[in-house]
Amino acid sequence: MKTKNGVKVKTVYHNDGTSGTVTTWADVLSEVPGGVVRNSSKEVDKNGRLIRRSTLELIDYNNDPEKDRTGLFGRKRPRVITPNHPRATEP
């Protein structure tokens, strides 16, 4: 495992209404597709009681999409040429 330099971003949103505060932390790395490596969020009401929390963590990624594509969502689909396709008459 390699160590890379990234950015930690903290966002705090204070709602003047009844919602309270939402605090979000994100670890961002430009070398990862999509950039986000880890994201966590916490929402508390105006009394400081936890309402909601969520966590997202990237566990793996592949720089070569054509390599090691297996499973339900990573499957390769065969090329389908319909009769109306411009190359339908090519050998």
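How many salt bridges does the count come to? The answer is five, and several of them appear in the close-up views below. Please keep in mind throughout that this is a predicted model.

**Figure 1. The whole protein chain is built from strands.** The protein chain holds four strands and zero helices, and its elements follow one another as β-β-β-β from the N terminus. Of its 91 residues, 12% count as buried. The chain exposes about 8,300 Å², with carbon and sulfur atoms supplying 51% of that area. Among contacts between residues at least 6 apart in sequence, 18% join residues at least 24 apart. As for confidence, the chain averages a pLDDT of 79, and 68% of the residues score at least 70. Among the elements, strand 4 has the highest mean pLDDT, 94, and strand 1 the lowest, 92.

**Figure 2. Four strands line up in one open sheet.** The strand order is 1-2-3-4, with antiparallel pairing. At the edges sit strand 1 (7-15) and strand 4 (50-57), each of which pairs on one side only. Direction ignored, neighbouring strands of this sheet are turned by 10° against each other on average. For orientation, strands of a sheet pair through backbone hydrogen bonds, in either a parallel or an antiparallel way.

**Figure 3. Strand 1 meets strand 2.** Nine bridges join these two antiparallel strands. One place to look is His14, whose bridge partner in strand 2 is Thr21. Thr21 also stands opposite Val44 in strand 3, so you can follow a path from strand 1 through strand 2 to strand 3 by way of this residue. Another good landmark is Val9, which lies in strand 1. The C-alpha atoms of Val9 and Trp25 are separated by 5.6 Å, although the two residues are 16 apart along the chain. Beyond its neighbours within four places in sequence, Val9 is in contact with Thr24, Trp25, Ala26 and Val28. Val9 is partly exposed, because its relative accessible area is 36%.

**Figure 4. Thr23 sits between neighbours from two sides.** Is Thr23 buried or exposed? Thr23 is buried, because its relative accessible area is 11%, below the 20% cut-off. This residue lies in strand 2 (residues 20-28). Setting aside neighbours within four places in sequence, its contacts are Lys10, Thr11, Val12, Ser40, Ser41 and Lys42. Nearby in the sequence, Val22 stands opposite Glu43 in strand 3. Strand 2 and strand 3 (residues 36-44) run antiparallel and are joined by eight bridges.

**Figure 5. Strand 3 and strand 4 form a hairpin.** Five residues lie between the two strands, and in the turn Gly48 has a positive phi of about 90°. The strands pair in the antiparallel sense over seven bridges. Asn39, for example, has Leu56 in strand 4 as its bridge partner. Why does strand 4 lie largely in the open? Of its eight residues, the number buried is zero, so the strand is largely in the open.

**Figure 6. A salt bridge ties strand 1 to strand 2.** Asp27 forms a salt bridge with Lys8, and their closest N and O atoms are 2.8 Å apart. Asp27 lies in strand 2 and Lys8 in strand 1, so the pair ties together parts that are 19 residues apart in sequence. The two partners are covered to unlike degrees: Asp27 counts as buried at 14% relative accessibility, whereas Lys8 counts as exposed at 59%. Arg38 joins in as well, in a network of salt bridges that links Lys8, Asp27 and Arg38.

**Figure 7. Two further salt bridges each pair a buried acid with an exposed arginine.** In one of them, the side chains of Arg52 and Glu43 meet at 2.6 Å, N to O. Here Glu43 is buried, with a relative accessible area of 14%, while Arg52 is exposed at 52%. In the other, the side chains of Asp45 and Arg49 meet at 3.1 Å, N to O. Asp45 is buried, with a relative accessible area of 14%, and Arg49 is exposed at 53%.

Note on methods: Residues are numbered from 1 along each chain as its sequence is written. This is a predicted model: local features need pLDDT of at least 70, side-chain atom pairs count only at pLDDT 80 or more; totals for chains, interfaces and linings use all residues. Side-chain values use heavy atoms; hydrogens and water are left out. Buried means under 20% relative accessible area, exposed over 50%, partly exposed in between (1.4 Å probe, protein chains only). Contact means heavy atoms within 4.5 Å. Accessible areas come from the Shrake-Rupley method with a 1.4 Å probe; for residues, only the protein chains shown count as cover. Axes are lines fitted to C-alpha atoms, for helices over the stretch in contact, and angles run from 0 to 180 degrees between N-to-C directions. pLDDT is the predictor's confidence in each residue, from 0 to 100. A salt bridge is a side-chain nitrogen of Lys or Arg within 4 Å of a carboxyl oxygen of Asp or Glu.
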